[in-house]
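Good morning. I will take a few minutes to walk through one structure, starting at the ligand and moving on to the strands.

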Amino acid sequence: MESQAQIYTGELSILCVDHISVKGVAVCFIFNLDLSHLLSLPEDCFFMLEASSALKTFQSPGFPVKYPPYIRCQWHIRAPEASAILVKFPVFNVRDDCSSDVVSIYDSLSPEKSKAITEKCGQRPPSNPLEVVSSSNIMLISLIAASGIQKQGFSAVYSVIPLTTGRDSALGTFSSPYYPSFYPNSVDCKWTIQVPANSKIRVKFTMFRMKEPGVDIKVCHKDFVEISGKKYCGEKPVLVLSSTTNTLDVKFHSDESYTDKGFMAHYNAYDPVNPCPNQFACAMGMCISKELRCDGWNDCGDMSDETKCDCAKDQFSCANGLCRALYSLCDRINDCGDGSDEKNCSECPSPTEWICGDGMCVPQALVCDGNKDCKDGSDESSCESAASRIALVCTDFTFKCKNGECINKVNPECDKNNDCSDASDEEGCDCGTRPYKHNRIVGGENADIGEWPWQVSLHFKTSGHVCGASILSQNWLLSASHCFKTTSPENLIASNWQTYSGMHDQFKQDSVQMRKIKRIITHENYDPMTYDYDIAVLELSEPLEFTSTIHHICLPASTHLFPAGMSCWVTGWGTLREGGRLAQILQKAEVKIINDTVCNIVTEGQVTSRMLCSGFLAGGVDACQGDSGGPLVCREESGKWFQAGIVSWGEGCARRNKPGVYSRLTKLRDWIRQQTGI
Ligand code: 4AZ
């Protein structure tokens, strides 16, 4: 924790100025918001509202059922001079395609782009409501629904707030004005932090969002935070900056259009002679555990923990300064990230030979000749026919379409491109999406509501939560065999289980759908000694209804690639530490896919091809007891989430060199199809 490094807290002075002046006298008409007539008359609608210190509300027409198709509505809000308007949207559910359905909010009474505060569509969870502030005493909110697809709409609460004078936060923190509401347009703030001589200042942003269309985040010509002459904008999951002296000026600027959530920052003083007592000091100023230094992962975010490492005897020194295990050399996986571990790998006796994925050598002339000469088909895996991505030969590396064609492309399924001529690679792709919009939360491992809508909690008789599962469809869940095939035959009786979908807090059941299990199917080859084939599918007694917090995950094709080093997420209510107590709130942890050779070595050969390792060799992050059966999911570039594994076993939890072991879904994909038809 950062608190270890906190030696002194500094003094903070703030200056925050709105440089917009408002002219004109507000003439306000207040309409009685009886919207029932609009349901029968879906025409353009227009309202004039007067904001005061009392909280008042308005809603989109038809709320809370749905707005009429093809509508355009405007709400003009005025407030007394020298005040600003705060509008919160406790419910916000507009079709998730801003090009057709959009709520636009302006710092003026006409819809001018140059005065836009923000434009939003989609659905927001109650934990991340939209909140906007005007920079003066007028605001325009417009709803355009041009798709004809009706959604619930929004409810809004508005009131007057004093024009900002900056935010005087608790000692050690400061934020953009009105945080966590969107900051207003046209503000300039300056914070001067001073700490005792000989100390320096570290500022850590736990939230940083200043995204604006058409902005190059290297230039930040619109809204930005400026520290030591450098401007920062966009979205930053981790931002830690340090001063060069004992004073630091932090400036914040928002221009006249588009705003965002802004930032929350924590600052503290540190001793430059020993900036991170008992920890490693990253170049960016962050402190991390010493064990993470030279462990092969970029923990600092700026690679400073992975450079200048003395590679051990059993390690290879990559061209980019990383150390990698010697056994990852020439294994056809780019472990270094710069390819240097896979260069000069002519392991075949003759340079006229080609090395197959499994290490066999075949003559170069056989590569792309239309025949599978390597056992794994790798000699034919990167050959394109002249006109398309359709492969000449189907191999372990090519995706098979329904019509039998094979596609030479990594993970073509559900990537929003029709790769198969019958488009079967884009079928059944309504999976792996999260209806709610989420802000990235830095630190903290509690999941957000609706963040993992495919996660299920399995309760056994009166024991409460026992295992996790994931939603494959309205009728089928996926879990681990070892949750059901235990020493007790009771665990295999479907009626002893209750499933909870849409759950966040084990003690709350709002928006949760409870379903009994009709049938438990465990894998016929499941081995309770080795945990091989640790997979089960559960048929529900009644179908689930998909909602904002209940949705199915995408299953990967058997050829789907989850490369070593990829960041994925494991979720569950398992114990918070080895031997500890179960979590009440759903937990999430980011883990990395581990190279199979490394996985095999650290597990002393206990993994089979139906297993994969994920976690950190340094330890510290892992699944644990009670997470079993739950999903390991990875986000593909298309934005879709695919399940890579099922939490299965591990030696203890989060121990060094003992990563979590998961059932490998690509190897069990066909079995799932056979059992469920999915
Ligand atoms: C378990 O007992 C368990 N560290 C699940 C995952 C892991 C260890 C144990 C992985 O359910």
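For what follows, Ala, Val, Leu, Ile, Met, Phe, Trp, Tyr, Cys and Pro count as nonpolar, Asp, Glu, Lys and Arg as charged, and the others, Gly among them, as polar. One caution before we use that: this is a predicted model.

So, the ligand. Which residues are around it? They are Asp622, Ala623, Cys624, Gln625, Gly626, Ser628, Val647, Trp649, Gly650, Gly652 and Cys653. Sorted by class, that shell has five nonpolar, five polar and one charged residues.

Three polar contacts can be given with distances. Asp622 has a polar side-chain atom 2.7 Å from a nitrogen atom of the ligand. With Ala623 the backbone is involved: one of its polar backbone atoms is 2.9 Å from a nitrogen atom of the ligand. Ser628 places a polar side-chain atom 2.6 Å from an oxygen atom of the ligand. As for cover, the ligand on its own has 300 Å² of accessible area, and the protein covers 85% of that.

Next, an open sheet. It has five strands, in the order β2-β4-β10-β6-β7, and the pairing is mixed. Which strands stand at the edges? They are β2, residues 45-50, and β7, residues 116-120. Each has a single partner strand, so one side of each is left without a neighbour in the sheet. From one strand to the next, the twist averages 15°.

Let me go across this sheet pair by pair. At one edge, β2 runs parallel to β4, residues 71-78, and six bridges join the two. In that pair, Phe47 stands opposite Trp75 of β4.

Towards the other edge we come to β6, which covers residues 101-106. Is β6 enclosed or open to the outside? Six of its six residues are buried, so β6 is largely enclosed by the rest of the structure. Buried here means under 20% relative accessible area. The side chains go two ways: Asp101, Val103 and Ile105 point one way from β6, while Val102, Ser104 and Tyr106 point the other way, and all are buried.

β6 has pairings with two strands that I can describe. With β10, residues 138-145, the pairing is antiparallel, over six bridges. Ser104 has Ser142 in β10 as its bridge partner. With β7 the pairing is again in the antiparallel sense, over four bridges. There, Tyr106 stands opposite Ala116 of β7.

Now a single residue elsewhere in the chain. Leu248 sits in strand β19, residues 247-254. Its relative accessible area is 4%, so Leu248 is buried, the cut-off being under 20%. How far is Leu248 from Ile193 in sequence, and how far in space? They are 55 residues apart in sequence, and 5.2 Å apart from C-alpha to C-alpha.

Last, the barrel. Six strands close into it, in the order β29-β30-β31-β34-β33-β32, with antiparallel pairing. Ignoring direction, neighbouring strands of this sheet are turned by 40° against each other on average. For one pair within it, take β33, residues 513-522, and β34, residues 536-540: they run antiparallel and are joined by five bridges. Thr522 stands opposite Ala536 of β34.

That is the end of the walk-through. Thank you.

Definitions and conventions
Residues numbered from 1 in each chain as written. Predicted model: local features only at pLDDT ≥ 70, side-chain atom pairs only at ≥ 80, totals over all residues. Heavy atoms only, no water. Pairing = 2+ DSSP bridges. Axes fitted to C-alpha atoms, helices over the stretch in contact; angles between N-to-C directions. Near = heavy atom within 4 Å. Polar contact = N/O pair within 3.5 Å; in protein donor to acceptor, adjacent residues only side chain to side chain. Areas by Shrake-Rupley, 256 points an atom, 1.4 Å probe, with all protein chains shown as cover. Buried < 20%, exposed > 50% of the residue type's maximum accessible area, 1.4 Å probe, protein only.
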